[in-house]
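Work through the exercises below with the sequence and the model side by side, and try each task before you read its solution.

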Amino acid sequence: MADKANNFALSAFEILGPIMVGPSSSHTAGALRCAQVAASLLDSTIQSVRFTLWNSFAQTYQGHGTDRALVAGIMGFATDDKRIRDAFDIAQQQGLHYEFVIGGENSTLHPNTVDIEMTNSEGLQATVRGESLGGGKIRISRINDVSVDISGAYCTLFVAHRDVPGALAALTSLLAKAHINIAFCSTYRTEAGGQAYSVFETDQHYTAESFLSKVRSLDLVDYASFIEVPGTEPFQHSQESNPYLFTNANELLSLCQKNNLSIGSTMMRREQILTNETFCFERMRYVVQTMKEETTEPIDCPHTSLGGFIGGEAQRINTNQTKYAECLMGVSQTNAVARAMAVLERSASMGVIVAAPTAGSAGVVPGCILSVADHISATENELHEAFFCASAIGYLLSTNACVAGAEGGCQAEVGSASAMAAAALVQILGGTPKQCLDAASITLSNLLGLVCDPVGGLVEVPCQNRNAIGVAAAFSSAQLVLSGIPSMVPFDEMAHVMLEVGHALPSTLRETALGGIATAPSALHACQRCNACK
């Protein structure tokens with residue numbers, strides 16, 4: 001389980017996000033953010049960089065666009081920058097030299113790990129180890145051979161300096177004069193009198209350039225930088241008084257009952273205090289608008305994916321709706337499936353999508369919610385609260401289980417997205433908070449053990465079809481619960497079960513393309529015709 005500060009820091013819009021260029025939130029958006037943070041350590045332009053890729057990153061980096069994303073991150077691109085696809089050409093134009101090294105398998109490292117060795121225009125060097133945790137979230141675990149744990153929960157100051165008497169006192173004195181309270185402080189040195197590194201995690205979000213200039217002006221300091229992790233809100237003591245905080249489903253249910261609120265309303269109020277009411281409303285509008293575009297544009301104008309494995313499927317489902325919907329899935333579910341498949345087409349062609357909670361599962365939540373919302377003519381407020389309900393379930397799974405295929409298989413991606421969608425469907429159709437949680441639990445139970453086995457390492461096959469199956473699971477679970485059929489296993493227990501099952505899966509079935517459907521003869525034959533990695 002994540003620590004308390006991380007629980008405070010995680011925004012609803014990182015569950016319904018990031019808004020990003022596909023195809024993978026962990027392998028594309030997360031990788032980009034690792035490189036973005038690494039580059040921020042050195043002031044001047046990065047001239048050369050070497051990326052050493054480990055585990056799942058090493059196996060699927062080309063098909064997932066991890067290589068493009070890492071280079072784009074070094075150049076400072078955001079996750080939704082459409083130039084990511086052209087990152088190699090832009091790097092060449094800017095004179096950035098880059099190379100990729102395959103580190104291979106290392107069970108002691110996180111499944112999505114990259115070591116980034118950089119040299120800037122002034123000759124300064126730095127090495128950073130980044131880990132992509134799923135859904136675009138990252139952690140920095142090593143800087144210049146020093147173990148750290150930086151996830152963005154606290155404002156973090158990193159200082160490289162010489163190991164001389166009074167060094168730490170000089171640094172802490174500057175922080176004290178700026179009225180910055182130190183939450184945690186760690187200092188490491190290579191040898192007595194040699195190079196040293198200090199990491200200060202502070203309660204205040206203080207990144208003023210004037211303060212940083214004072215740190216850098218000290219004779220003992222080689223370089224210093226604030227480390228800001230994209231997608232997180234630094235911990236603030238004021239959040240402790242937030243009456244809408246929760247860390248598990250039991251606490252969430254108690255809050256809903258105490259305040260007579262839905263899950264969506266509770267999550268929305270939590271977010272409004274974490275950020276502010278205006279930002280919260282406008283950001284949700286932006287998320288919904290992007291989701292409406294991603295679920296409809298590929299139906300009207302299909303695009304072939306990077307690998308060439310998918311493209312046009314959503315349009316076919318939509319075209320045949322009148323022929324099959326009545327006797328098979330029904331109009332609303334058929335529409336939801338078409339929309340869900342459309343998102344994967346857009347993601348796989350490196351279009352802009354909303355990860356919800358990941359890019360590989362991004363079609364389920366918008367497909368389900370937008371389809372039913374249209375069917376019942378839901379108001380904007382009802383629509384927003386349904387999405388906040390989905391984000392609350394995703395938040396619980398992110399902090400108490402996992403949502404990354406490389407860590408927990410596809411059950412952690414499509415399974416989590418389907419649970420989020422099921423809860424939101426129950427809410428928008430008038431169900432209680434307990435029914436929402438029951439629907440999410442039933443959905444997880446029926447997708448338990450689902451492996452992650454992308455053909456050719458691409459988020460195309462079987463990912464697109466599994467989003468369609470995720471829609472079916474969400475619809476079925478919602479109808480079961482609304483009909484009076486509860487879940488025997490509470491949500492909190494089911495989340496724990498999912499995490500255990502995910503960890504029990506062999507690495508070949510966790511986003512490495514080394515097992516499952518990815519190794520079927522037909523799949524291997526199809527990969528010979530794929531141009532995505534060439």
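The exercises that follow concern a predicted model, and they go from the whole chain to single peptide bonds and then to a cavity.

**Exercise 1. Determine how the radius of gyration of the protein chain compares with that of a compact globule.**

Solution. Begin with the chain length, which is 534 residues, for which a compact globule would have a radius of gyration near 24 Å. Next take the value for the protein chain, which is 23 Å, and therefore agrees with that expectation. To complete the picture, note that the C-alpha trace spans about 80 × 60 × 40 Å along its principal axes, and that the secondary structure comes to 22 helices and twelve strands.

**Exercise 2. Find the order of the six strands in the open sheet, and explain why strand 3 and strand 7 each have one side without a neighbour in it.**

Solution. First trace the order, which is 3-2-4-5-6-7, with mixed pairing. Strand 3 (97–104) and strand 7 (146–150) stand at the edges and have a single partner strand each, so one side of each is left without a neighbour in the sheet. From one strand to the next, the twist averages 25°. Then look at strand 6 (residues 137–143), which runs antiparallel to strand 7 and is joined to it by three bridges; here Arg142 stands opposite Ser147 in strand 7. Finally, identify helix 5 (residues 66–74), which packs on the sheet and touches strand 2 (46–55), strand 3 and strand 4 (112–120). The direction of helix 5 makes about 145° with that of strand 2.

**Exercise 3. Locate Pro23 and Pro462, and state whether the peptide bond leading to each is cis or trans.**

Solution. Pro23 sits in the loop between strand 1 (19–21) and helix 3 (25–39), and the bond that joins Gly22 to Pro23 is cis, with omega about 15°. Pro462 belongs to the loop between helix 19 (433–446) and helix 20, and the bond from Val461 to Pro462 is likewise cis, with omega near 5°.

**Exercise 4. Describe the largest cavity and the residues that line it.**

Solution. Start with the volume: the largest cavity holds about 120 Å³ of space. Its lining consists of 14 residues, of which Gly360, Glu413, Cys452, Val459 and Cys463 are the closest to its centre. Now ask where the lining comes from: helix 18 (410–428) and helix 20 (463–482) each supply at least two residues, and helix 18 gives the largest share, three residues. Sorted by class, the lining has seven nonpolar, three polar and four charged residues.

How values were computed: Residues numbered from 1 in each chain as written. Predicted model: local features only at pLDDT ≥ 70, side-chain atom pairs only at ≥ 80, totals over all residues. Heavy atoms only, no water. 1 Å grid on protein atoms, 1.4 Å probe; cavity = no way out; pocket = protein on both sides within 12 Å on 5 of 7 lines; lining within 4 Å. Points joined across faces, edges and corners; volume = space filled by probe spheres on them. Helix = DSSP H or I, 4+ residues; strand = E, 2+ residues; numbered from the N terminus. Nonpolar A, V, L, I, M, F, W, Y, C, P; charged D, E, K, R; others polar. Pairing = 2+ DSSP bridges. Axes fitted to C-alpha atoms, helices over the stretch in contact; angles between N-to-C directions. Contact = heavy atoms within 4.5 Å. Rg over C-alpha atoms; globule rule 2.2 N^0.38 Å.
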